[in-house]
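I sat down with this model today and kept notes as I went. Have a look at it first, and then follow along.

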There are 2 protein chains.
Amino acid sequence: MEKITSNQNRQVKAWTKLKTKHGRQKAGQYLIEGWHLVSEAINYDQPIVTIITTEKRLASDGAAFKDRFDYVVVTDEVANHIADTKTTQGIFAVLSIIPTNQVAANFASGGWLLLDQIQDPGNIGTMVRTADAMGLSGVVFGTGTASQYAPKVSRSMQGSQFHIQIAEADLSEWINEYHEQGYPVYGTELNPDAVALDEVPAQANFALVMGNEGNGMQASLLALTDANLFIPMKGNAESLNVAIAAALVMFHLQK
Amino acid sequence: MEKITSNQNRQVKAWTKLKTKHGRQKAGQYLIEGWHLVSEAINYDQPIVTIITTEKRLASDGAAFKDRFDYVVVTDEVANHIADTKTTQGIFAVLSIIPTNQVAANFASGGWLLLDQIQDPGNIGTMVRTADAMGLSGVVFGTGTASQYAPKVSRSMQGSQFHIQIAEADLSEWINEYHEQGYPVYGTELNPDAVALDEVPAQANFALVMGNEGNGMQASLLALTDANLFIPMKGNAESLNVAIAAALVMFHLQK
(Lines give C-alpha, C1' and ligand atoms only; values in the text may rest on other atoms or scores of the structure.)
Protein backbone atom coordinates (compact mmCIF):
# COMPACT_ATOMS: atom_id res chain seq x y z
CA MET A 1 0.00 0.00 0.00
CA GLU A 2 1.39 3.33 -1.10
CA LYS A 3 1.56 5.94 1.63
CA ILE A 4 2.29 9.63 1.23
CA THR A 5 4.73 10.83 3.88
CA SER A 6 5.82 14.26 2.65
CA ASN A 7 4.05 17.62 2.57
CA GLN A 8 6.13 18.32 -0.54
CA ASN A 9 4.42 15.52 -2.45
CA ARG A 10 2.81 16.73 -5.67
CA GLN A 11 -0.65 15.41 -4.73
CA VAL A 12 -0.49 17.00 -1.28
CA LYS A 13 0.35 20.33 -2.86
CA ALA A 14 -2.60 19.95 -5.22
CA TRP A 15 -4.97 19.17 -2.32
CA THR A 16 -3.91 22.14 -0.22
CA LYS A 17 -4.55 24.41 -3.22
CA LEU A 18 -8.23 23.36 -3.00
CA LYS A 19 -8.50 25.42 0.19
CA THR A 20 -8.43 28.60 -1.93
CA LYS A 21 -11.11 29.82 -4.33
CA HIS A 22 -8.60 30.13 -7.15
CA GLY A 23 -7.32 26.60 -6.57
CA ARG A 24 -10.83 25.16 -6.57
CA GLN A 25 -11.79 26.96 -9.77
CA LYS A 26 -8.63 25.85 -11.54
CA ALA A 27 -9.02 22.19 -10.54
CA GLY A 28 -12.81 22.02 -10.75
CA GLN A 29 -12.62 20.20 -7.43
CA TYR A 30 -13.02 20.87 -3.72
CA LEU A 31 -12.02 19.19 -0.51
CA ILE A 32 -14.22 18.06 2.37
CA GLU A 33 -12.99 17.02 5.80
CA GLY A 34 -14.24 14.83 8.64
CA TRP A 35 -15.86 11.42 8.72
CA HIS A 36 -19.45 12.64 9.03
CA LEU A 37 -19.16 14.76 5.89
CA VAL A 38 -17.24 12.12 3.91
CA SER A 39 -19.75 9.41 4.82
CA GLU A 40 -22.63 11.72 3.86
CA ALA A 41 -20.93 12.32 0.50
CA ILE A 42 -20.69 8.55 0.03
CA ASN A 43 -24.30 7.93 1.08
CA TYR A 44 -25.65 10.69 -1.15
CA ASP A 45 -23.71 9.70 -4.28
CA GLN A 46 -21.55 12.77 -4.54
CA PRO A 47 -18.88 12.83 -7.28
CA ILE A 48 -15.97 11.59 -5.15
CA VAL A 49 -12.61 11.65 -6.94
CA THR A 50 -10.35 10.41 -4.14
CA ILE A 51 -10.59 9.71 -0.43
CA ILE A 52 -7.58 10.70 1.68
CA THR A 53 -7.15 8.80 4.92
CA THR A 54 -4.71 8.12 7.73
CA GLU A 55 -3.92 4.48 8.55
CA LYS A 56 -5.87 4.76 11.77
CA ARG A 57 -8.98 6.04 10.00
CA LEU A 58 -8.60 3.40 7.28
CA ALA A 59 -8.68 0.73 9.98
CA SER A 60 -11.79 2.15 11.68
CA ASP A 61 -13.86 3.28 8.67
CA GLY A 62 -12.19 1.87 5.56
CA ALA A 63 -14.87 -0.81 5.12
CA ALA A 64 -17.28 1.94 4.06
CA PHE A 65 -15.14 3.11 1.15
CA LYS A 66 -12.04 1.07 0.28
CA ASP A 67 -13.69 -1.27 -2.22
CA ARG A 68 -15.74 1.46 -3.88
CA PHE A 69 -13.46 4.50 -4.22
CA ASP A 70 -9.90 5.43 -5.00
CA TYR A 71 -8.15 6.22 -1.76
CA VAL A 72 -4.72 7.40 -0.67
CA VAL A 73 -3.11 6.81 2.73
CA VAL A 74 -1.20 9.70 4.31
CA THR A 75 0.74 10.14 7.55
CA ASP A 76 -0.74 12.09 10.48
CA GLU A 77 1.64 14.91 9.63
CA VAL A 78 0.39 15.16 6.06
CA ALA A 79 -3.23 14.96 7.31
CA ASN A 80 -2.57 17.90 9.64
CA HIS A 81 -1.03 19.80 6.76
CA ILE A 82 -4.09 19.32 4.53
CA ALA A 83 -6.58 19.93 7.35
CA ASP A 84 -8.54 23.11 7.89
CA THR A 85 -9.37 22.14 11.48
CA LYS A 86 -7.06 22.26 14.49
CA THR A 87 -7.69 18.64 15.40
CA THR A 88 -8.23 16.73 12.21
CA GLN A 89 -10.03 13.39 12.08
CA GLY A 90 -7.58 12.28 9.37
CA ILE A 91 -10.18 11.70 6.67
CA PHE A 92 -10.90 13.85 3.59
CA ALA A 93 -12.43 13.53 0.16
CA VAL A 94 -11.76 15.37 -3.08
CA LEU A 95 -15.05 16.02 -4.90
CA SER A 96 -15.78 17.31 -8.39
CA ILE A 97 -17.54 20.66 -8.52
CA ILE A 98 -20.87 20.28 -10.32
CA PRO A 99 -21.39 23.23 -12.69
CA THR A 100 -24.12 25.40 -11.16
CA ASN A 101 -26.18 25.56 -14.35
CA GLN A 102 -26.90 21.85 -13.94
CA VAL A 103 -28.46 22.69 -10.60
CA ALA A 104 -30.30 25.79 -11.79
CA ALA A 105 -32.06 24.04 -14.68
CA ASN A 106 -34.69 22.32 -12.59
CA PHE A 107 -35.06 24.91 -9.91
CA ALA A 108 -38.44 26.52 -10.10
CA SER A 109 -40.53 24.40 -7.79
CA GLY A 110 -40.88 23.98 -4.07
CA GLY A 111 -39.44 26.28 -1.46
CA TRP A 112 -36.04 27.85 -2.03
CA LEU A 113 -33.92 29.92 0.34
CA LEU A 114 -31.92 32.69 -1.37
CA LEU A 115 -28.84 33.97 0.49
CA ASP A 116 -27.96 37.59 -0.29
CA GLN A 117 -24.35 38.43 0.68
CA ILE A 118 -24.31 36.26 3.80
CA GLN A 119 -20.77 36.03 5.14
CA ASP A 120 -20.66 34.00 8.34
CA PRO A 121 -20.00 30.28 7.68
CA GLY A 122 -21.90 29.32 10.85
CA ASN A 123 -25.00 31.25 9.78
CA ILE A 124 -24.84 29.79 6.28
CA GLY A 125 -24.42 26.27 7.63
CA THR A 126 -27.31 26.65 10.06
CA MET A 127 -29.59 28.02 7.33
CA VAL A 128 -28.78 25.20 4.90
CA ARG A 129 -29.32 22.62 7.68
CA THR A 130 -32.65 24.24 8.58
CA ALA A 131 -33.77 24.34 4.93
CA ASP A 132 -32.99 20.61 4.84
CA ALA A 133 -34.94 19.98 8.05
CA MET A 134 -37.92 21.94 6.72
CA GLY A 135 -38.02 20.01 3.46
CA LEU A 136 -37.16 22.93 1.17
CA SER A 137 -35.98 22.14 -2.36
CA GLY A 138 -32.73 24.02 -2.08
CA VAL A 139 -30.61 27.04 -1.28
CA VAL A 140 -29.15 29.58 -3.73
CA PHE A 141 -25.86 31.22 -2.77
CA GLY A 142 -26.18 34.69 -4.29
CA THR A 143 -23.26 36.73 -5.59
CA GLY A 144 -21.29 38.01 -2.58
CA THR A 145 -22.29 35.13 -0.31
CA ALA A 146 -19.40 32.99 0.94
CA SER A 147 -18.62 30.00 -1.27
CA GLN A 148 -20.33 26.67 -0.59
CA TYR A 149 -16.94 25.04 -1.21
CA ALA A 150 -14.97 27.11 1.32
CA PRO A 151 -13.78 24.66 4.01
CA LYS A 152 -15.60 26.34 6.93
CA VAL A 153 -18.86 26.70 5.01
CA SER A 154 -18.76 23.14 3.71
CA ARG A 155 -18.09 21.82 7.23
CA SER A 156 -20.81 23.87 8.88
CA MET A 157 -23.49 22.50 6.52
CA GLN A 158 -22.82 19.06 8.06
CA GLY A 159 -23.96 17.08 5.04
CA SER A 160 -27.22 18.95 4.43
CA GLN A 161 -25.61 20.29 1.23
CA PHE A 162 -25.90 16.73 -0.13
CA HIS A 163 -29.56 16.29 0.90
CA ILE A 164 -31.00 19.32 -0.89
CA GLN A 165 -30.04 21.27 -4.01
CA ILE A 166 -27.42 24.01 -3.78
CA ALA A 167 -26.96 26.62 -6.50
CA GLU A 168 -24.75 29.67 -6.96
CA ALA A 169 -26.30 32.45 -9.00
CA ASP A 170 -27.33 36.05 -9.47
CA LEU A 171 -30.39 36.23 -7.20
CA SER A 172 -32.25 38.69 -9.45
CA GLU A 173 -32.37 35.99 -12.15
CA TRP A 174 -33.89 33.51 -9.73
CA ILE A 175 -36.41 36.03 -8.45
CA ASN A 176 -37.47 36.83 -12.03
CA GLU A 177 -37.85 33.14 -12.84
CA TYR A 178 -39.98 32.64 -9.74
CA HIS A 179 -42.21 35.51 -10.80
CA GLU A 180 -42.59 34.01 -14.26
CA GLN A 181 -43.88 30.82 -12.65
CA GLY A 182 -46.36 32.90 -10.62
CA TYR A 183 -44.76 31.97 -7.29
CA PRO A 184 -44.23 34.52 -4.50
CA VAL A 185 -40.84 35.91 -3.45
CA TYR A 186 -40.48 37.11 0.15
CA GLY A 187 -37.92 39.36 1.73
CA THR A 188 -37.30 39.86 5.43
CA GLU A 189 -36.45 43.54 5.65
CA LEU A 190 -38.11 45.55 8.42
CA ASN A 191 -39.81 48.49 6.72
CA PRO A 192 -43.14 50.35 6.98
CA ASP A 193 -44.70 48.12 4.31
CA ALA A 194 -43.65 44.87 5.93
CA VAL A 195 -46.32 42.22 6.41
CA ALA A 196 -46.65 40.14 9.61
CA LEU A 197 -45.57 36.56 9.02
CA ASP A 198 -48.91 35.10 10.15
CA GLU A 199 -50.79 37.09 7.50
CA VAL A 200 -49.10 35.01 4.79
CA PRO A 201 -50.37 31.44 4.20
CA ALA A 202 -48.24 28.30 4.15
CA GLN A 203 -47.44 27.31 0.57
CA ALA A 204 -45.65 24.74 -1.53
CA ASN A 205 -43.75 27.07 -3.86
CA PHE A 206 -41.93 30.18 -2.67
CA ALA A 207 -38.57 31.91 -2.60
CA LEU A 208 -37.35 33.51 0.64
CA VAL A 209 -34.47 35.99 0.49
CA MET A 210 -32.31 36.50 3.60
CA GLY A 211 -30.00 39.54 3.62
CA ASN A 212 -26.52 40.25 4.92
CA GLU A 213 -26.08 40.09 8.73
CA GLY A 214 -25.18 43.78 9.04
CA ASN A 215 -26.65 45.52 6.02
CA GLY A 216 -29.76 43.54 5.20
CA MET A 217 -30.89 42.85 1.65
CA GLN A 218 -29.62 44.77 -1.35
CA ALA A 219 -32.11 47.49 -2.27
CA SER A 220 -32.23 46.27 -5.87
CA LEU A 221 -33.39 42.81 -4.70
CA LEU A 222 -35.75 44.23 -2.09
CA ALA A 223 -37.54 46.08 -4.92
CA LEU A 224 -38.20 42.74 -6.64
CA THR A 225 -39.90 40.98 -3.71
CA ASP A 226 -43.67 40.56 -3.48
CA ALA A 227 -43.76 41.18 0.25
CA ASN A 228 -41.36 41.83 3.08
CA LEU A 229 -42.18 39.80 6.12
CA PHE A 230 -41.66 40.72 9.73
CA ILE A 231 -41.79 38.32 12.64
CA PRO A 232 -44.30 39.47 15.27
CA MET A 233 -42.59 39.18 18.65
CA LYS A 234 -43.02 40.54 22.15
CA GLY A 235 -39.41 41.39 22.86
CA ASN A 236 -36.39 43.13 21.41
CA ALA A 237 -36.46 42.19 17.72
CA GLU A 238 -33.05 43.71 17.08
CA SER A 239 -31.61 40.65 18.78
CA LEU A 240 -32.74 38.12 16.21
CA ASN A 241 -29.93 36.28 14.43
CA VAL A 242 -30.36 35.91 10.64
CA ALA A 243 -30.43 32.10 10.82
CA ILE A 244 -33.13 32.21 13.51
CA ALA A 245 -35.24 34.63 11.47
CA ALA A 246 -34.86 32.39 8.41
CA ALA A 247 -35.94 29.35 10.43
CA LEU A 248 -39.07 31.03 11.79
CA VAL A 249 -40.17 32.11 8.30
CA MET A 250 -39.36 28.75 6.66
CA PHE A 251 -41.22 26.87 9.41
CA HIS A 252 -44.28 29.05 8.93
CA LEU A 253 -44.28 28.80 5.13
CA GLN A 254 -43.71 25.01 4.95
CA LYS A 255 -46.51 24.05 7.34
CA MET B 1 -3.84 60.83 33.18
CA GLU B 2 -2.37 57.59 34.43
CA LYS B 3 -1.72 55.00 31.74
CA ILE B 4 -0.81 51.35 32.23
CA THR B 5 1.98 50.32 29.88
CA SER B 6 3.13 46.94 31.25
CA ASN B 7 1.55 43.50 31.12
CA GLN B 8 3.29 42.90 34.45
CA ASN B 9 1.22 45.59 36.14
CA ARG B 10 -0.70 44.27 39.14
CA GLN B 11 -4.08 45.39 37.82
CA VAL B 12 -3.43 43.83 34.39
CA LYS B 13 -2.59 40.54 36.08
CA ALA B 14 -5.82 40.74 38.08
CA TRP B 15 -7.87 41.39 34.92
CA THR B 16 -6.38 38.50 32.96
CA LYS B 17 -7.26 36.19 35.88
CA LEU B 18 -10.93 37.02 35.23
CA LYS B 19 -10.70 34.97 32.04
CA THR B 20 -10.70 31.78 34.15
CA LYS B 21 -13.55 30.41 36.22
CA HIS B 22 -11.38 30.21 39.31
CA GLY B 23 -10.25 33.82 38.87
CA ARG B 24 -13.83 35.05 38.46
CA GLN B 25 -15.05 33.18 41.53
CA LYS B 26 -12.18 34.46 43.67
CA ALA B 27 -12.66 38.09 42.62
CA GLY B 28 -16.46 38.03 42.39
CA GLN B 29 -15.99 39.88 39.11
CA TYR B 30 -15.92 39.22 35.36
CA LEU B 31 -14.64 40.97 32.29
CA ILE B 32 -16.56 42.00 29.18
CA GLU B 33 -15.01 43.11 25.92
CA GLY B 34 -16.02 45.24 22.96
CA TRP B 35 -17.83 48.56 22.69
CA HIS B 36 -21.28 47.12 21.95
CA LEU B 37 -21.23 45.01 25.10
CA VAL B 38 -19.71 47.74 27.30
CA SER B 39 -22.25 50.31 26.09
CA GLU B 40 -25.09 47.82 26.71
CA ALA B 41 -23.76 47.30 30.25
CA ILE B 42 -23.81 51.09 30.75
CA ASN B 43 -27.31 51.50 29.28
CA TYR B 44 -28.74 48.64 31.32
CA ASP B 45 -27.24 49.74 34.67
CA GLN B 46 -24.95 46.79 35.18
CA PRO B 47 -22.62 46.88 38.22
CA ILE B 48 -19.55 48.29 36.44
CA VAL B 49 -16.44 48.42 38.62
CA THR B 50 -13.93 49.81 36.11
CA ILE B 51 -13.78 50.53 32.39
CA ILE B 52 -10.48 49.71 30.65
CA THR B 53 -9.79 51.65 27.47
CA THR B 54 -7.08 52.49 24.96
CA GLU B 55 -6.44 56.18 24.24
CA LYS B 56 -7.99 55.79 20.80
CA ARG B 57 -11.17 54.32 22.20
CA LEU B 58 -11.28 56.97 24.95
CA ALA B 59 -11.20 59.64 22.25
CA SER B 60 -14.00 58.05 20.22
CA ASP B 61 -16.36 56.79 22.95
CA GLY B 62 -15.13 58.29 26.23
CA ALA B 63 -18.00 60.80 26.35
CA ALA B 64 -20.34 57.91 27.13
CA PHE B 65 -18.49 56.85 30.26
CA LYS B 66 -15.65 59.06 31.49
CA ASP B 67 -17.71 61.28 33.78
CA ARG B 68 -19.78 58.41 35.19
CA PHE B 69 -17.38 55.52 35.80
CA ASP B 70 -13.89 54.78 37.00
CA TYR B 71 -11.73 54.12 33.98
CA VAL B 72 -8.14 53.16 33.30
CA VAL B 73 -6.18 53.86 30.12
CA VAL B 74 -3.91 51.10 28.76
CA THR B 75 -1.58 50.79 25.78
CA ASP B 76 -2.60 48.79 22.71
CA GLU B 77 -0.16 46.11 23.81
CA VAL B 78 -1.81 45.76 27.22
CA ALA B 79 -5.26 45.76 25.56
CA ASN B 80 -4.15 42.87 23.33
CA HIS B 81 -2.85 41.04 26.39
CA ILE B 82 -6.18 41.34 28.23
CA ALA B 83 -8.28 40.59 25.13
CA ASP B 84 -9.97 37.31 24.38
CA THR B 85 -10.43 38.26 20.71
CA LYS B 86 -7.78 38.28 18.00
CA THR B 87 -8.52 41.87 17.00
CA THR B 88 -9.53 43.72 20.13
CA GLN B 89 -11.55 46.95 20.03
CA GLY B 90 -9.50 48.19 22.99
CA ILE B 91 -12.43 48.58 25.40
CA PHE B 92 -13.35 46.39 28.37
CA ALA B 93 -15.31 46.60 31.59
CA VAL B 94 -14.92 44.79 34.88
CA LEU B 95 -18.36 43.94 36.31
CA SER B 96 -19.41 42.58 39.69
CA ILE B 97 -20.97 39.13 39.62
CA ILE B 98 -24.50 39.31 41.03
CA PRO B 99 -25.16 36.32 43.31
CA THR B 100 -27.55 34.01 41.49
CA ASN B 101 -29.97 33.69 44.41
CA GLN B 102 -30.86 37.36 43.89
CA VAL B 103 -31.98 36.45 40.39
CA ALA B 104 -33.74 33.25 41.39
CA ALA B 105 -35.92 34.85 44.07
CA ASN B 106 -38.40 36.43 41.66
CA PHE B 107 -38.25 33.85 38.93
CA ALA B 108 -41.52 32.05 38.72
CA SER B 109 -43.44 34.06 36.18
CA GLY B 110 -43.37 34.50 32.45
CA GLY B 111 -41.51 32.29 30.04
CA TRP B 112 -38.10 30.92 30.99
CA LEU B 113 -35.62 28.99 28.91
CA LEU B 114 -33.67 26.33 30.85
CA LEU B 115 -30.31 25.24 29.37
CA ASP B 116 -29.32 21.67 30.27
CA GLN B 117 -25.59 21.06 29.73
CA ILE B 118 -25.31 23.23 26.63
CA GLN B 119 -21.65 23.68 25.73
CA ASP B 120 -21.29 25.72 22.55
CA PRO B 121 -20.93 29.47 23.27
CA GLY B 122 -22.48 30.35 19.89
CA ASN B 123 -25.57 28.23 20.59
CA ILE B 124 -25.92 29.68 24.08
CA GLY B 125 -25.56 33.23 22.78
CA THR B 126 -28.11 32.69 20.03
CA MET B 127 -30.61 31.18 22.47
CA VAL B 128 -30.26 34.04 24.96
CA ARG B 129 -30.63 36.59 22.14
CA THR B 130 -33.72 34.77 20.86
CA ALA B 131 -35.26 34.59 24.35
CA ASP B 132 -34.72 38.37 24.53
CA ALA B 133 -36.30 38.89 21.10
CA MET B 134 -39.30 36.74 22.08
CA GLY B 135 -39.91 38.66 25.30
CA LEU B 136 -39.14 35.78 27.66
CA SER B 137 -38.44 36.63 31.32
CA GLY B 138 -35.07 34.95 31.42
CA VAL B 139 -32.70 32.06 30.91
CA VAL B 140 -31.39 29.60 33.51
CA PHE B 141 -27.92 28.15 32.95
CA GLY B 142 -28.22 24.65 34.43
CA THR B 143 -25.35 22.79 36.07
CA GLY B 144 -22.97 21.64 33.33
CA THR B 145 -23.87 24.47 30.93
CA ALA B 146 -20.97 26.78 30.01
CA SER B 147 -20.64 29.80 32.32
CA GLN B 148 -22.45 33.01 31.42
CA TYR B 149 -19.26 34.85 32.43
CA ALA B 150 -16.89 32.91 30.15
CA PRO B 151 -15.54 35.44 27.61
CA LYS B 152 -16.89 33.67 24.50
CA VAL B 153 -20.33 33.12 26.04
CA SER B 154 -20.60 36.67 27.32
CA ARG B 155 -19.59 38.04 23.91
CA SER B 156 -21.98 35.84 21.95
CA MET B 157 -24.98 37.04 23.99
CA GLN B 158 -24.35 40.52 22.51
CA GLY B 159 -25.96 42.42 25.38
CA SER B 160 -29.15 40.35 25.60
CA GLN B 161 -27.86 39.10 28.96
CA PHE B 162 -28.51 42.62 30.28
CA HIS B 163 -32.04 42.85 28.84
CA ILE B 164 -33.50 39.74 30.45
CA GLN B 165 -32.80 37.84 33.66
CA ILE B 166 -30.03 35.26 33.75
CA ALA B 167 -29.73 32.66 36.52
CA GLU B 168 -27.40 29.74 37.24
CA ALA B 169 -29.02 26.87 39.09
CA ASP B 170 -29.89 23.22 39.44
CA LEU B 171 -32.64 22.88 36.84
CA SER B 172 -34.61 20.30 38.86
CA GLU B 173 -35.22 22.97 41.51
CA TRP B 174 -36.57 25.37 38.92
CA ILE B 175 -38.78 22.71 37.37
CA ASN B 176 -40.20 21.84 40.79
CA GLU B 177 -40.90 25.49 41.55
CA TYR B 178 -42.67 25.87 38.22
CA HIS B 179 -44.82 22.88 39.01
CA GLU B 180 -45.70 24.34 42.41
CA GLN B 181 -46.99 27.46 40.63
CA GLY B 182 -49.06 25.25 38.33
CA TYR B 183 -47.14 26.27 35.21
CA PRO B 184 -46.13 23.77 32.52
CA VAL B 185 -42.58 22.59 31.88
CA TYR B 186 -41.72 21.43 28.35
CA GLY B 187 -38.85 19.32 27.09
CA THR B 188 -37.78 18.87 23.49
CA GLU B 189 -36.70 15.26 23.38
CA LEU B 190 -37.90 13.16 20.45
CA ASN B 191 -39.62 10.12 21.95
CA PRO B 192 -42.78 8.08 21.32
CA ASP B 193 -44.78 10.20 23.76
CA ALA B 194 -43.72 13.52 22.26
CA VAL B 195 -46.47 16.01 21.46
CA ALA B 196 -46.53 18.08 18.25
CA LEU B 197 -45.74 21.72 18.93
CA ASP B 198 -48.98 22.98 17.41
CA GLU B 199 -51.06 20.88 19.82
CA VAL B 200 -49.83 23.04 22.70
CA PRO B 201 -51.37 26.52 23.14
CA ALA B 202 -49.45 29.78 23.43
CA GLN B 203 -49.15 30.80 27.06
CA ALA B 204 -47.78 33.48 29.36
CA ASN B 205 -46.03 31.24 31.90
CA PHE B 206 -43.91 28.26 30.97
CA ALA B 207 -40.46 26.71 31.28
CA LEU B 208 -38.76 25.21 28.21
CA VAL B 209 -35.78 22.88 28.71
CA MET B 210 -33.24 22.52 25.89
CA GLY B 211 -30.78 19.62 26.14
CA ASN B 212 -27.13 19.11 25.26
CA GLU B 213 -26.23 19.32 21.55
CA GLY B 214 -25.09 15.70 21.36
CA ASN B 215 -26.80 13.87 24.19
CA GLY B 216 -30.11 15.66 24.62
CA MET B 217 -31.69 16.27 28.02
CA GLN B 218 -30.67 14.42 31.13
CA ALA B 219 -33.10 11.54 31.79
CA SER B 220 -33.72 12.76 35.35
CA LEU B 221 -34.93 16.13 34.03
CA LEU B 222 -36.87 14.59 31.17
CA ALA B 223 -38.87 12.64 33.75
CA LEU B 224 -39.92 15.91 35.38
CA THR B 225 -41.36 17.58 32.27
CA ASP B 226 -45.10 17.79 31.59
CA ALA B 227 -44.70 17.17 27.89
CA ASN B 228 -41.95 16.67 25.35
CA LEU B 229 -42.54 18.66 22.23
CA PHE B 230 -41.52 17.79 18.70
CA ILE B 231 -41.46 20.19 15.79
CA PRO B 232 -43.56 18.90 12.89
CA MET B 233 -41.47 19.30 9.74
CA LYS B 234 -41.40 17.94 6.22
CA GLY B 235 -37.67 17.30 5.94
CA ASN B 236 -34.76 15.74 7.74
CA ALA B 237 -35.34 16.67 11.40
CA GLU B 238 -31.94 15.34 12.44
CA SER B 239 -30.48 18.47 10.92
CA LEU B 240 -32.07 20.94 13.31
CA ASN B 241 -29.60 22.93 15.41
CA VAL B 242 -30.49 23.27 19.13
CA ALA B 243 -30.78 27.08 18.92
CA ILE B 244 -33.13 26.81 15.92
CA ALA B 245 -35.32 24.25 17.72
CA ALA B 246 -35.43 26.50 20.79
CA ALA B 247 -36.45 29.48 18.64
CA LEU B 248 -39.29 27.62 16.93
CA VAL B 249 -40.72 26.48 20.27
CA MET B 250 -40.31 29.87 21.98
CA PHE B 251 -41.94 31.64 19.04
CA HIS B 252 -44.91 29.28 19.15
CA LEU B 253 -45.39 29.52 22.92
CA GLN B 254 -45.08 33.33 23.16
CA LYS B 255 -47.62 34.12 20.44
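**Ground rules.** I count two residues as in contact when heavy atoms lie within 4.5 Å. This is a predicted model, so I kept local features to pLDDT of at least 70 and side-chain atom pairs to pLDDT 80 or more, while totals for chains, interfaces and linings use all residues. Residues are numbered from 1 along each chain as its sequence is written, chains are lettered from A and ligands numbered from 1 in the order in which they are written, and side-chain values use heavy atoms, with hydrogens and water left out.

**Entry 1: chain A against chain B.** I began with the contact, to which chain A gives 27 residues and chain B gives 27 residues. Next I looked up the buried area, meaning the accessible area (1.4 Å probe) that two parts lose on being put together, summed over both. For chain A and chain B I noted about 2300 Å², with 60% from carbon and sulfur atoms. Which three residues supply the most of what chain A buries against chain B? They are A:Ala133, A:Ile244 and A:Phe251, with 22% of that area.

I then looked for salt bridges (a side-chain nitrogen of Lys or Arg within 4 Å of a carboxyl oxygen of Asp or Glu). I found zero of them across the interface of chain A and chain B. Polar contacts need a pair of N or O atoms within 3.5 Å; within protein, one must be able to donate a hydrogen and the other to accept it, and residues adjacent in sequence count only if both atoms are side-chain atoms. I noted eight residue pairs in polar contact between chain A and chain B, both residues at pLDDT 80 or more.

For helices and strands I used DSSP runs (H or I of at least four residues, E of at least two), numbered from the N terminus. On the side of chain A that touches chain B, two or more residues each come from α7 (121–133), α9 (160–163) and α12 (242–254) of chain A. The largest share there is that of α12(A), with six residues.

**Entry 2: two domains in chain A.** An automatic or database domain assignment sets the bounds: domain 1 of chain A covers 3–97 and domain 2 covers 101–254. I noted 31 Å between their C-alpha centres. In chain A, 16 residues of domain 1 are in contact with twelve residues of domain 2. Together these two domains of chain A bury about 1200 Å², 64% of it on carbon and sulfur atoms.

How many salt bridges are there between domain 1 and domain 2 of chain A? I counted one. I also looked up the salt bridge between the side chains of A:Asp84 and A:Arg155, at 3.0 Å, N to O. On the side of domain 1 of chain A that touches domain 2, β2 (29–33) and α3 (35–43) of chain A each supply at least two residues.

**Entry 3: the sheet.** I take two strands as paired if DSSP finds at least two bridges between them. Chain A has an open, mixed sheet of five strands in the order β1-β4-β3-β5-β2. Both β1 (3–4) and β2 of chain A stand at the edges with a single partner strand each, so one side of each has no neighbour in the sheet. β2(A) runs antiparallel to β5 (residues 91–96) of chain A, and five bridges join them. I picked out A:Tyr30, whose bridge partner in β5(A) is A:Leu95.

**Entry 4: one more salt bridge.** Over all chains I noted six salt bridges. In one of them, the side chains of A:Glu55 and A:Lys3 meet at 2.4 Å, N to O. This pair links distant parts of the chain, 52 residues apart: A:Glu55 is in helix α4 (residues 55–61) and A:Lys3 is in strand β1 of chain A.
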